[in-house]
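User: Hi! Could you walk me through this structure? I'd like to start with the overall picture and then poke at some details.

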Amino acid sequence: MNPSHPKNPNGPAKDSLLRTARAALVPLAAGAVALGGLTAWTASGAAGRPAAVTVDDASVLVPFGIDDTAAMVRLRNTGDADDELVGVDVPSAGGAMLSRTVVRNGAGSMRMVASATVPAHGTLEMSPHGLDIMVYRPPKVRVGDRLPFVLRFRKSGTVHGEALVVRAGSRPKAGTR
């Protein structure tokens, strides 16, 4: 027995090792309990789902000559959080942007829109009389053609789609991407 350490016959090194092991077990056990709780919370669905936007019923109006045209899409968000459409691109066109038709005193005008919110568990429906995608210098297309486009969302990232080329006043069949 070591006279300087009457409680532990193996000396101060063994005492120090036991104290270190006990001290390390406390945060390790707390972390395991927290991880188990978070796993159960997520598995139960209580943690929620991130924004998840899909494109439905996309159409673009057949342009008259070399005029700009408008594309409309229905965006569905199946997530538990709102998302924000922050950019659009039509690779085969000269450019594209979000725009909104504003009517004042019977006269309509177009305004550039920086972004549009797609609500959680909701839908954002574009139309030629409200929010739409203005397509500059569109390629030559005919009714029935498909025009690829890219949408950029703050949370959902990049979503690709195809708009069916239609005459003004018509809409594509449900499920058209």
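Analyst: Happy to; we'll go from the fold to the core, a cavity and one arginine. Keep in mind that this is a predicted model.

User: Great. How many helices and strands does the protein chain have?

Analyst: The protein chain has one helix and ten strands. Reading from the N terminus, the order is α-β-β-β-β-β-β-β-β-β-β.

User: And what share of the residues is buried?

Analyst: Of the 177 residues in the protein chain, 35% count as buried. The chain exposes about 10800 Å², with carbon and sulfur atoms supplying 59% of that area.

User: What about contacts across the sequence?

Analyst: Take the contacts between residues at least 6 apart in sequence: 65% of them join residues at least 24 apart.

User: Let's go inside. Which residues in the largest nonpolar core touch the most other members?

Analyst: Those are Leu 75, Leu 98, Met 126, Ile 133 and Leu 151, out of 35 residues in that core. The elements giving two or more residues to this core are strands E1 (53–61), E2 (69–77), E3 (83–89), E4 (95–104), E6 (116–118), E8 (131–136), E9 (146–153) and E10 (157–166).

User: How many cavities of 30 Å³ or more turn up?

Analyst: A search of the whole structure finds one, and the largest cavity has a volume of about 50 Å³.

User: What lines the largest cavity?

Analyst: Its lining consists of Ala 71, Val 88, Asp 89, Val 90, Ile 133, Val 135, Leu 147, Pro 148, Phe 149, Leu 151 and Ala 163. E3, E8 and E9 are the elements that give two or more residues to it, and E9 gives the most, with four.

User: How does that lining divide into nonpolar, polar and charged?

Analyst: Ten residues of the lining are nonpolar, none is polar and one is charged.

User: Switching topic: where is Arg 100?

Analyst: Arg 100 sits in strand E4.

User: Why does Arg 100 count as partly exposed?

Analyst: Because its relative accessible area is 36%, and partly exposed covers the range between 20% and 50%.

User: Which residues does Arg 100 touch, leaving out those up to four places away in sequence?

Analyst: Arg 100 touches Ser 109, Met 110, Arg 111, Val 113, Gly 130 and Leu 131.

User: And how far from Arg 100 is Val 113?

Analyst: Arg 100 and Val 113 are 13 residues apart in sequence, and their C-alpha atoms are 6.6 Å apart in space.

User: Lovely, thanks!

Conventions: Residues numbered from 1 in each chain as written. Predicted model: local features only at pLDDT ≥ 70, side-chain atom pairs only at ≥ 80, totals over all residues. Heavy atoms only, no water. Core = buried A, V, L, I, M, F, W, Y, C linked by side-chain atoms within 4.5 Å. Buried < 20%, exposed > 50% of the residue type's maximum accessible area, 1.4 Å probe, protein only. Contact = heavy atoms within 4.5 Å. Areas by Shrake-Rupley, 256 points an atom, 1.4 Å probe, with all protein chains shown as cover. 1 Å grid on protein atoms, 1.4 Å probe; cavity = no way out; pocket = protein on both sides within 12 Å on 5 of 7 lines; lining within 4 Å. Points joined across faces, edges and corners; volume = space filled by probe spheres on them. Nonpolar A, V, L, I, M, F, W, Y, C, P; charged D, E, K, R; others polar.
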